[in-house]
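Take a look at the model below. The text follows a few of its strands and how they pair.

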Amino acid sequence: MLPRKRPGEGAVVEGESETTNNNNSQNNVPLASSPIKKQRTTESANNNNSVTIGNNSSNHSSSSVVVEPSIMAPGDANHDIDEDLHSRQLAVYGRETMRRLFASNILVSGMQGLGAEIAKNLVLAGVKSVTVHDEGVVELWDLSSNFVFTESDVGKNRALASVQKLQELNNAVVISTLTTPLTKEQLSNFQTVVFTDIILQKAIEFNEYCHNHQPPIAFIKAEVRGLFGSVFCDFGPEFTVYDVDGEEPHTGIIASISNDNPALVACVDDERLEFQDGDLVVFSEVHGMTELNDGKPRKIKSARPYSFTLEEDTTNFGTYVKGGIVTQVKQHKVLNFKPLREALKDPGDFLLSDFSKFDRPPLLHLAFQALDKFVSELGCFPVAGSEEDAQKLISIAANINDSLGDGKLEDINPKLLRHFAFGSRAVLNPMAAMFGGIVGQEVVKACSGKFHPLFQFFYFDSVESLPTEPIDASDFKPLNSRYDAQISVFGSKLQKKMEDSNVFIVGSGALGCEFLKNIALMGVSCGSQGKLTVTDDDVIEKSNLSRQFLFRDWNIGQAKSTVAASAAAAINPHLNIEALQNRVGPETENIFDDNFWENLTVVVNALDNVNARLYVDQRCLYFQRPLLESGTLGAKCNTQMVIPHLTENYGASRDPPEKQAPMCTVHSFPHNIDHCLTWARSEFEGLLEKTPAEVNAYLSNPVEYSASMKSAGDAQARDNLERVLECLDREKCETFQDCLTWARLKFEDYFVNRVKQLIYTFPEDAATSTGAPFWSAPKRFPHPLQFSTADPSHLHFIMAASILRAETFGIPVPDWFKNPKMLAEAVDKVIVPEFQPKKDLKIVTDEKATSLSTASVDDAAVINDLVGNLEKCRSSLPAGFRMKPIQFEKDDDANYHMDLIAGLANMRARNYSIPEVDKLKAKFIAGRIIPAIATSTAMATGLVCLELYKVLDGGHKLEDYRNTFANLALPLFSMAEPVPPKVIEHQDMSWTVWDRWILKGNPTLRELLQWLKDKGLNAYSISYGSCLLFNSMFPRHRERLDKKVADLAREVAKAELPPYRGHLDVVVACEDDEDNDIDIPQISIYFR
């Protein structure tokens, strides 16, 4: 596919530069620019060493005339961001960071597995250009870890072989190659340079050039060696971080401020404060003590959940009256990086990932230096299984350690160094995926100043992933296969187990794509006995393409699982994969039946919702299958291993439910934009989806519908009928002018009349029953709006509402309507009735209320009248008349859905003096968009696949497994062994949630009771589903004792036991002989 220009991007004249006055940057620096040539695929004439694909191509040869880049590209304010493509990433980074990325040129040197993963993440993120450099050629060995290579690429230059696959990920990114040795001068073409395969001496030389360059060039050195990895970052002598954590500034609603030194500030107990001692805050909207509204940042201390002390003397300030918002001020942070030469000798604090290995980083710092010296002296890596090479490496490490003086390590752990030596030549795919995510995120930080950089060394190992049984040296020998690199670490026996495993991946979105790529490269399910099943009931959308990297724009609308499976099979043709489009749940147990689950080796969840995760967890628990669980949220990710009999299951611990705003707050007393957007989404669905659907339900079967409403006879039925009648009678639209009139009157109703009614019922000086001011924090006193065609936001609301109303009635939209002048003229013609507040109208103020509908004694009579009126109305409708309900779709910017929701929310925010938001921010909140980026997804799947080695080996203990929480923004890595399951003991037996008791032979109820009696358990209640089969308290139940349990389930519980089910499960309540209740496992009764 030919590359396309990124929207809004123009050519830059050779040798010229653009400058941006950006107050956020350390200095006013020129925008990075490079010579532009309009070309598709070309190779430079000199040395045949460069190829460029993409729009606005850059030739990075040393002879080019290039304008000096900034370490952080200022970005292009005029540059259009494709919000459909990058919406999930925008939710993490924001527009300014994205613009900086779009102006950044990156070098990735070393295109083995790690380099390919880093380049992939950067191309997906949408940087301006990625130049890949490698002087070597593709070997079969590389196919263990590099998804862009195929066997047909063997013998080609790695950089050249990578270009096409990388370009397919994002046509807006310029992909260039360099295939000859780099010079220091070439590095000045880039904001950030990444080296994944470079000797230490050369790295020191390049780093010094980058560190001293003006402006500095961010330098990252990363490598993965078997199950060991390292990262070093140097972003220059002074690097400013503009947002250290990426979190929204914390806020609080003020309840009181004392006139003291220091002043005590108390906030309402609506939500806990997230402030910390030393935070800077600003005040706004404070009444009385107005001196605090000056916008000056003030430091706080003694931060508590609902109060804090202000380092300010307010003794002589005005007395606090009411109101006020306190908002955290996010502070910049300047980091002083050391160059590599200096940092090697004085590394400072290492970033820890696993506190059970707190002494590991200094040892790995030594090990990687020893390996570099080994390779420099011998010209090759240690051979896997060679004790001689391992001892040589250990000897070098010991010599380096002896020279360290006070920094000498007491124990250099020869056993660990032996493992390090054996696998040092191999780049494993899970390690490449994990470190590709970490390094990709560090590049984004270097280019934008968004998030805190890794400072400066990070070391990691996963030696627990090695097989538990000793591996014979002969088992490491290469087999001339694509898995040789992996075999050099784990041996050929584990490779065979992996190839013959039966794996189920649930979901093929962002996580699923990464898992499929990893599993294909690892060779899992690629043997004659192996099979991989992937299922997903979703289809591909444009917004998926920024991180679900197996999909291309020509796949939009196709089934995710089918496309992903084909892409995974292209990575490794030996992969035995079946793609399904079924949701995994109770309704598909005929597809995912007992036989399916029992034949699985392991299940990998790649889901995006808790309910589906809980269902799969229960299935794995029931069939005692390992479950590898993971999830991401923006820059955060977590992994959880669910291993039969070793760990607790996923559902054993739950996050607390999200706090929901009370209904009365959302509908009458909002105090933040989230409340306004929640209300807007609710109104959208009510007006455009639920009411038209209700109309159609009535018109499809008027008699049955009316009877059901009369039968219900409650406030909800009355409301439904009123809405249907209103839609078909008083507010029925036949022309587009009717739709416009409806929209104008809706504006008046929502933002004028309802507010007038509210402040009539509760005036500004209203008091509660206790005498306290009614309009006290967090309530905000509203003001009605004055409609004006001169206000573009008012007109835009009318436009969006009219168009969508017309859609529900099937009315075409006239061309003149999108002309603002003609629209304004048409709106001005609408007659708006004068509003008179009602004296006795009840407005719900109870925060515990779950409905705004109030029951009335005459509901039944009103419903009868409404049904009669509806019948009259129906007779005047055209034959076959139906409305078109509109389902909310957030990702189509041309459908006016988000225009209406943003308009509703912002007009309401204006009523209550709440800061408004743009359409994109409205989309994030109202559309409940989960922030997502490729880097955290890649890291999570890499970590999970390191655990997959352990699961497929089969002999690992609890302490070998790791659950992880990571936040790439901080960065933070927290790894710990999983929690074991709770053990229940009875007599000489013990069991956990993993156990299931099995009774075969189609037993009777009496036989089941006796079987339990033999275990010292007295069963007093047996149930199937929600139906009671036996209870010892009921004499008539004794008549059932000689019946088969399966027959009782059919007769009493009306159970349908399909042919594919060979057993049923009963829940039994038991006591011991001392009448103590004993929780026993579920019992499976096999009847076939």
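Strand β23 covers residues 636-642 of this predicted model. Five of its seven residues are buried, so the rest of the structure largely encloses β23. Buried here means under 20% relative accessible area.

What lies beside β23? One partner is strand β22, residues 627-633. The two strands run antiparallel, and seven bridges join them. One bridge pairs Thr632 with Cys637 of β23. Together β22 and β23 form a hairpin, with two residues between the strands. Gly634 sits in that turn. The phi angle of Gly634 is positive, about 60°.

Strand β24, residues 963-967, also pairs with β23. This pairing is antiparallel too, over four bridges. Here Cys637 appears again: its bridge partner in β24 is Ala966. Cys637 therefore has a bridge partner in β22, Thr632, and another in β24, Ala966. Strands of a sheet pair through backbone hydrogen bonds, either parallel or antiparallel.

Now turn to another group of strands. Six of them make a closed barrel, in the order β10-β11-β14-β13-β12-β15. The pairing in the barrel is antiparallel. Neighbouring strands of this sheet are turned by 50° against each other on average, direction ignored.

Look at one pair within the barrel. Strand β13 spans residues 298-301, and strand β14 spans residues 307-310. They run antiparallel, joined by two bridges. Ile300 has its bridge partner in β14, and that partner is Leu310.

Note on methods. Residues numbered from 1 in each chain as written. Predicted model: local features only at pLDDT ≥ 70, side-chain atom pairs only at ≥ 80, totals over all residues. Heavy atoms only, no water. Buried < 20%, exposed > 50% of the residue type's maximum accessible area, 1.4 Å probe, protein only. Pairing = 2+ DSSP bridges. Axes fitted to C-alpha atoms, helices over the stretch in contact; angles between N-to-C directions.
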